[in-house]
Structures are given as C-alpha cells and as structure tokens.
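Here is a short briefing to read alongside the sequence and the 3D view. Keep the viewer open, and follow the strands one group at a time.

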Amino acid sequence: AEAYDFSDGSPALVCTGARIHGDVKIGAGCVLHPRVSINAAAGSSIEIGENNVIEETVEISCSSGKLQIGNNNLLEVGCHISDSDIGSLCHIETKARLHKASIA
C-alpha cells in the first residue's frame with residue numbers, strides 16, 4: 001500500500017493494484033483496497049470526499065459530467081457505481097449496483 005497526497009494535500013491510502021484513471025480527486029483519510037477501479041471518461045470528473053473506505057473490486061465510473069461521493073462512506077466488496085452520486089454517511093452493501101442514481 002502507498003500513501004498519496006490528494007486534493008487538499010492530506011494523505012489517502014491507495015493499495016497496490018488499485019486503478020485510477022482520468023480527472024479523479026480523492027479526499028483525506030480515504031482507503032482504497034486492492035483491485036478498486038475508478039474511471040472518469042474524457043470530459044468528466046469524479047470527486048470523492050474524506051474518510052471513505054472503498055473495498056476490493058469496487059468499480060466507480062463516470063461517463064459524463066461530475067460524479068460526487070460525500071464523506072464517511074463504506075462501499076463494500078464488488079459494488080458498481082456508474083454515473084451515480086452518493087451523499088455522506090452511506091453504507092453501500094456488497095455487490096450493489098447503482099446506475100444513474102442518487103443516494104443521500
């Protein structure tokens with residue numbers, strides 16, 4: 001695992017094997033487990049708030065516009081988040097699929 005400095009210069013922990021592509025901002029205190037995939041297509045962006053735990057094989061993608069994830073969330077193993085916003089203090093269960101949704 002490696003510590004990276006992201007959006008505000010505070011550390012986030014990104015494990016070996018996590019893939020981050022495109023315009024992605026990750027807040028302080030986040031933990032990205034192995035095999036996480038975060039992909040912002042050309043012209044889109046993803047903003048992940050602070051203190052989020054993103055477990056193994058979670059996929060987050062944005063095909064257009066801006067995808068936002070708030071603070072203090074848990075995204076469990078195998079979730080697929082596509083063009084969907086998530087607020088703060090949310091718990092997304094194992095293998096959940098969100099497509100063009102908004103969770104507060």
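Let's start in the middle of the strands: strand E7 and strand E10 (residues 66-69) run parallel and are joined by four bridges. Please keep in mind that this is a predicted model. Around that pairing sit a further parallel partner for E7, the one salt bridge of the structure, and a separate look at an open sheet of five strands.

**Strand E7 and its two partners**

- Within the pairing of E7 with E10, Ile46 stands opposite Leu67.
- Strand E7 (residues 45-48) also pairs with strand E4 (residues 23-26), again over four bridges and in the parallel sense.
- Here Ile46 turns up again, as the bridge partner of Val24.
- Another opposite pair across E4 and E7 is Asp23 with Ser45.
- As general background, strands of a sheet pair through backbone hydrogen bonds, in either a parallel or an antiparallel way.

**The two faces of E4**

- Which residues of E4 point to one face and are buried? They are Val24 and Ile26, while Asp23 and Lys25 point to the other face and are not buried.
- This fits a general pattern: in a regular strand the side chains alternate between the two faces of the sheet.

**Residues to inspect along E7**

- Ser45 lies in strand E7, and it counts as buried because its relative accessibility is 15%, below the 20% cut-off.
- Leaving out residues up to four places away in sequence, Ser45 touches Asp23, Ala40, Cys62, Gly65, Lys66 and Leu67.
- Ile48 is also found in strand E7. With a relative accessible area of 2%, Ile48 is buried.
- The C-alpha atoms of Ile48 and Ile26 are 4.8 Å apart in space, although the two residues are 22 residues apart in sequence.
- Beyond its neighbours within four places in sequence, Ile48 is in contact with Lys25, Ile26, Gly27, Cys30, Ile38, Ile54, Ile60 and Ile69.

**The salt bridge**

- How many salt bridges does the structure hold? It holds one.
- The partners are Lys66 and Glu47, whose closest N and O atoms are 3.2 Å apart.
- This pair links distant parts of the chain, with Lys66 in strand E10 and Glu47 in strand E7, 19 residues apart.
- Are these partners buried, exposed or in between? Lys66 is partly exposed, with a relative accessible area of 45%, and Glu47 counts as partly exposed at 30% relative accessibility.

**The five-stranded open sheet**

- Five strands make up an open sheet with parallel pairing, in the order E3-E6-E9-E12-E15.
- Strand E3 (19-21) and strand E15 (97-99) are the edge strands, and each pairs on one side only.
- On average, neighbouring strands of this sheet are turned by 5° against each other, ignoring direction.
- Strand E12 (residues 80-82) runs parallel to E15, with three bridges joining them.
- In that pairing, Ile81 stands opposite Leu98 of E15.

**Glu59 in strand E9**

- Glu59 belongs to strand E9 (residues 59-62), and at 38% relative accessibility Glu59 counts as partly exposed.
- Apart from its neighbours within four places in sequence, Glu59 is in contact with Ser37, Cys79, His80 and Ile81.
- Between Glu59 and Leu89 the C-alpha distance is 19 Å, and the sequence separation is 30 residues.

**Glu76, a buried acid without a salt bridge**

- Where is Glu76? You will find Glu76 in the loop between strand E11 (74-75) and E12.
- Glu76 is buried yet has no salt bridge. The nearest side chain of opposite charge is that of Lys95, 11 Å away.
- What Glu76 does have is a polar contact of 2.7 Å, side chain to side chain, with His91.
- Setting aside neighbours within four places in sequence, the contacts of Glu76 are Glu55, Val58, His91, Ile92, Glu93 and Thr94.

Note on methods:
Residues numbered from 1 in each chain as written. Predicted model: local features only at pLDDT ≥ 70, side-chain atom pairs only at ≥ 80, totals over all residues. Heavy atoms only, no water. Pairing = 2+ DSSP bridges. Axes fitted to C-alpha atoms, helices over the stretch in contact; angles between N-to-C directions. Buried < 20%, exposed > 50% of the residue type's maximum accessible area, 1.4 Å probe, protein only. Lys, Arg positive; Asp, Glu negative; His and termini not counted. Salt bridge = Lys/Arg side-chain N within 4 Å of Asp/Glu carboxyl O. Polar contact = N/O pair within 3.5 Å; in protein donor to acceptor, adjacent residues only side chain to side chain. Contact = heavy atoms within 4.5 Å.
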